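Please look through the structure shown here and work through the questions that accompany it.

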Amino acid sequence: MKFLEKAYSYRFEGVKNEVYQFRFISEGAQQITKIVTIAPVGTNIDWYNVGFGNLENEGDEIIVNDFSEVNNQDYDEVLATVFGCILHFLYFNPDSVILFFGNTLHKHRLYKQKISFNIESLEQYLDISGGKIEEKIVVIEKEQTVVRKGKEHKRMIREKDITSLSNGVTVSTIEKYNKDKTSDYQFVLFKLKSE
Amino acid sequence: MLKKEYIYIVMAAKQLKELVEKQIEKSTSFWAGRPKMTAQELEAVEKFAKEKSKLFEKVFDSSEKVENIIKMQKNAL
């Protein structure tokens, strides 16, 4: 099965205050409601950031948790659905650019691996580039408890503390995505194929 | 633009249209009858997205930077 065909059925929930909202259900040991948001990164640039996470209850509050330890190990399906949402968005906003990165080192690496592995599928529709920033991002180590096959496991996640970039951020390079250089990329950009 | 490239882009646009329409059709039947998101859930989603966007304020905080970034992105393609 081709990568994008693995996508779950997402529902476009609409646009509120410029935020495009999508919802889908990850199937597996449990049903997990997942949210994808595509929101502008600034007022003077047609770039949008993609965020996704689990819709969870935290006490009385409802949150979207992008550090959740709850998942069905269905990374391909989830990522294919996120790309389905990105393509849906770009179809209606063909001049926009999507900015994409993982919020932990592990996820960032995993996403780039998946992009590289499925590059032919994605490049059918998208121009892909990778970029670097000049500043060093501080990494915070946090312990998480994950439940797999009914057993609890402790694991360390290495979260990127983007708030630590308090003195401004400078993009140093953006280049055509190269599968052999992905370790350098701190973000990935997607744009609809154009002239 | 070369004729070959133009045909390729038109084909990609047609395939994208088919892909999105197929997904919308699949989605319509899958989600039919399922509960809509509550106002509280939608609010949580918006809050999440806004928090994420805040992270980029320092990346795109001057028109000079924005121009430079756009230029780099265009040159990369």
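The questions below move from the fold of one chain to its core, the interface and the confidence scores.

This is a predicted model, in which local features need pLDDT of at least 70, side-chain atom pairs count only at pLDDT 80 or more, and totals for chains, interfaces and linings use all residues. Residues are numbered from 1 along each chain as its sequence is written, while chains are lettered from A and ligands numbered from 1 in the order in which they are written.

Q: What pattern does chain A follow along the sequence?
A: Helices (H or I, at least four residues) and strands (E, at least two) are taken as DSSP runs, numbered from the N terminus. Chain A has three helices and 11 strands, and read along the sequence the pattern is β-β-β-β-β-α-β-α-α-β-β-β-β-β.

Q: Why does the radius of gyration of chain A agree with that of a compact globule?
A: The radius is taken over C-alpha atoms, and the globule rule is 2.2 Å times the number of residues to the power 0.38. Because a compact globule with 195 residues would have a radius of gyration near 16 Å, agreement is found for chain A at 17 Å.

Q: Which element gives the most to the largest nonpolar core?
A: A nonpolar core is a set of buried Ala, Val, Leu, Ile, Met, Phe, Trp, Tyr and Cys residues joined through C-beta atoms within 7 Å, where buried means that 20 or more other C-beta atoms lie within 10 Å of the residue's own. The largest such core has 53 residues, with A:Val50, A:Val82 and A:Phe190 among those with the most contacts inside it. Elements giving two or more residues to this core include strand S4 (47-58) and helix H1 (75-92) of chain A, together with helix H2 (39-54) of chain B. The most, 10 residues, comes from H1(A).

Q: Which element gives the largest share of the side of chain B that touches chain A?
A: Counting residues as in contact if their C-beta atoms, placed from the backbone, lie within 7 Å, 39 residues of chain B are in contact with 47 residues of chain A. Helix H1 (3-31), H2 and helix H3 (63-76) of chain B each give two or more residues to that side. The largest share, 12 residues, comes from H1(B).

Q: Which element of chain B has the highest mean pLDDT?
A: pLDDT is the predictor's confidence in each residue, from 0 to 100, and chain B averages 86, with 90% of the residues scoring at least 70. Among the elements of chain B, the lowest mean, 83, belongs to H1(B), and the highest, 91, to H2(B).

Conventions:
A residue is buried if 20 or more other C-beta atoms lie within 10 Å of its own, exposed if 12 or fewer, and partly exposed in between; C-beta atoms are placed from the backbone. Two residues are in contact if their C-beta atoms, placed from the backbone, lie within 7 Å.
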